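Here are some exercises to work through with the model open in your viewer. Try each task before you read its solution.

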Amino acid sequence: MGLIQIPKLQIGDLEPRIPIVQGGMGVGISLSGLASAVANEGGIGVISAAAIGMLEPNFSRNFKEANKRALRREIKKAREMTAGIIGVNIMVALTDYYDLLQIAVDEGADLVFLGAGLPLKIPKTLLPNSSRKAAVKVIPIVSSARAANLIFKYWERNYNHVPDAVVVEGPLAGGHLGFKKEQINNPDYALEKILPEVISVLKPYEESFNKSVPVIAAGGVYTGADIYKLIQSGAQGVQMATRFVATHECDASTAFKEAYVKCKKEDLTIIDSPVGLPGRAIKNRFLEKISARIKKPVKCPWKCLKTCDFKRSPYCICAALTNAKKGILEKGFAFAGANAYRINTITSVRELIKTLLLEYKRAAAQADFAQVSGLS
Ligand SMILES: Cc1cc2nc3c(=O)[nH]c(=O)nc-3n(C[C@H](O)[C@H](O)[C@H](O)COP(=O)(O)O)c2cc1C
């Protein structure tokens, strides 16, 4: 077993020691603390830019400036805490998406993960050019081969360039989901089903651009054995979020982490988010009041999401998620992946990664043994 090594994830010239990306988690769940801890263990740490400015004093005076200021500070802080690989997750649906992208580029993020919408139009600063050796790596997050193909086709036509990797997120993920409600439990949309579809859609682009485009699998990845299975199915890495919430280094409040430790399977529920997508969250009194329509529509001074229909929404999702981050769960709720109920303790990022690698090696050794003994 000592000889078994987890394969490398290579994204252009970036080569993390372990093929684990910590998924970006807003609002304020993955900031410099969690991202740098993951990067220090050899993974890719990711800061979520979503409504990051709501954590600033006086954010309401100038929401966009607060977002930019807070993101800049968190990237700088992460850089002070690690020499490892740091990315930024930016939702395409944010009204200040381009401003935040520019901050990530200016502050030298290694990669940007772009989800909740299709990253079709991108600024020139994201494209490689002769004067700058290492452009930031661009990684779209998709939930279907169709979405991957749309992005790659658009980039090929308009930029003669394609993204550096792709995250494929299945329906067991936490937070906003790229599926219709009725698709979530349909096996045709399971991660194991969509992963090979995305890989095969990317093949012709890899050939015509003579570049490898690694695929990173996400959504419900819980153990090292899960990582082993996904790598066997063609993924070059995994993105995990839920498991990283229950770590000391995670930037959420203790109350938020404890909501994970305490939750049961039946507490995990699908909500209709004001963003216009379904989302997976832990049921609580706040969400019950929302679904009973006890809460009143909000007024929205800054319109942070292109897709949020705030006039019809019973609450502000950014305020609710910011409250939850701070531990004020009576005025908010926690997003969580479908496996959150399996968590029963808070650990350190180092211990978690050690366990995942051990489980990976065990699964690989078992598969090898089954093969040589003719059991498989
Ligand atoms: C609390 C929480 C917040 C999240 N916030 C974001 C976000 O801001 N942007 C994003 O692209 N994905 C977000 N996600 C999705 C994760 O990055 C990740 O892809 C997904 O949860 C992976 O599944 P897992 O949680 O089962 O590991 C969030 C997930 C959770 C649990």
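Contact here means heavy atoms within 4.5 Å. The model is a predicted one, so please treat every distance below as computed from it.

**Exercise 1. Find the contacts and the burial of Glu107.**

Task: Which residues does Glu107 contact, leaving aside its neighbours within four places in sequence? Is Glu107 buried or exposed?

Solution:
- Start with the location: Glu107 sits in the loop between α3 and β4.
- Next, apply the contact cut-off. Leaving aside neighbours within four places in sequence, Glu107 is in contact with Arg72, Ile75 and Lys76.
- Then look for polar atoms. The side chains of Glu107 and Lys76 make a polar contact at 3.4 Å.
- Finally, check burial. The relative accessible area of Glu107 is 19%, and buried means under 20%, so Glu107 counts as buried.

**Exercise 2. Describe the packing of helix α3.**

Task: Which residues of helix α3 are buried, and which elements do they pack against?

Solution:
- Select residues 97-106, the span of α3.
- Pick out the buried ones: Tyr97, Leu100, Leu101, Ile103, Ala104 and Val105.
- List their partners. These buried residues pack against α2 (63-81), β3 (85-91) and β4 (111-115).
- Look past the end of the helix: Gly108 follows α3 and has a positive phi, near 75°.
- Now look on the other side, at the loop between β3 and α3, where Asp96 is placed. Asp96 has a relative accessible area of 3%, so this residue is buried.
- Outside its neighbours within four places in sequence, Asp96 contacts Lys64 and Asn67.

**Exercise 3. Place Arg79 in helix α2.**

Task: What does Arg79 touch, not counting residues up to four places away in sequence?

Solution:
- Arg79 belongs to helix α2.
- With a relative accessibility of 29%, Arg79 counts as partly exposed.
- Not counting residues up to four places away in sequence, Arg79 touches Gly84, Ile86, Gly108, Ala109 and Asp110.
- One of these partners also takes part at the polar level: the Arg79 side chain reaches the backbone oxygen of Gly84 at 3.4 Å.
- For a distance check, compute the C-alpha separation of Arg79 and Ala145. They are 66 residues apart in sequence and 34 Å apart in space.

**Exercise 4. Check the unusual backbone angles.**

Task: Where is the cis peptide bond, and where do Ala51 and Asn160 lie?

Solution:
- Begin with omega. The bond from Gly26 to Val27 is cis, with omega near -5°, and Val27 is in the loop between β1 (20-22) and α1 (32-40).
- Move on to phi. Ala51 is not a glycine, yet its phi is positive, about 50°. Ala51 lies in the loop between β2 (44-48) and α2.
- Asn160, also not a glycine, has a positive phi of about 45°. Its place is in the loop between α4 (145-159) and β6 (166-169).
- Now compare their surroundings. Ala51 is buried, at 4% relative accessible area, whereas Asn160 is exposed, at 59%.

**Exercise 5. Outline the nonpolar cores.**

Task: How many residues does the largest nonpolar core have, and which helix gives the largest share?

Solution:
- The largest nonpolar core has 122 residues, and those with the most contacts inside it are Ile90, Ile227, Phe244 and Phe333.
- Helix α5 (residues 191-209) supplies the largest share of this core, 8 residues.
- A second, separate core has 15 residues, including Ile44, Phe113, Ile141 and Ala165.
- Take Ile227 as an example. Not counting residues up to four places away in sequence, Ile227 touches Ile6, Ile20, Val221, Val238, Met240, Leu356 and Tyr360.

**Exercise 6. Characterise the ligand site.**

Task: How many residues surround the ligand, and how much of its accessible area does the protein cover?

Solution:
- Count the shell: 20 residues surround the ligand, the closest being Gly24, Glu169, Gly220, Gln239 and Thr242.
- Sort the shell by type to get 9 nonpolar, 10 polar and 1 charged.
- Examine the ligand's oxygen atoms. One is 2.8 Å from a polar backbone atom of Gly24.
- A polar side-chain atom of Glu169 lies 2.5 Å from a ligand oxygen, and a polar side-chain atom of Thr242 lies 2.5 Å from an oxygen atom of the ligand.
- Finish with coverage: of the 600 Å² of accessible area that the ligand has on its own, the protein covers 95%.

Terms used:
Residues are numbered from 1 along each chain as its sequence is written. This is a predicted model: local features need pLDDT of at least 70, side-chain atom pairs count only at pLDDT 80 or more; totals for chains, interfaces and linings use all residues. Side-chain values use heavy atoms; hydrogens and water are left out. A residue is near a molecule or strand if one of its heavy atoms lies within 4 Å of it. A polar contact is a pair of N or O atoms within 3.5 Å; within protein, one must be able to donate a hydrogen and the other to accept it, and residues adjacent in sequence count only if both atoms are side-chain atoms. Accessible areas come from the Shrake-Rupley method with a 1.4 Å probe; for residues, only the protein chains shown count as cover. Ala, Val, Leu, Ile, Met, Phe, Trp, Tyr, Cys and Pro count as nonpolar, Asp, Glu, Lys and Arg as charged, and the others, Gly among them, as polar. A nonpolar core is a set of buried Ala, Val, Leu, Ile, Met, Phe, Trp, Tyr and Cys residues joined through side-chain atoms within 4.5 Å. Buried means under 20% relative accessible area, exposed over 50%, partly exposed in between (1.4 Å probe, protein chains only). Helices (H or I, at least four residues) and strands (E, at least two) are DSSP runs, numbered from the N terminus.
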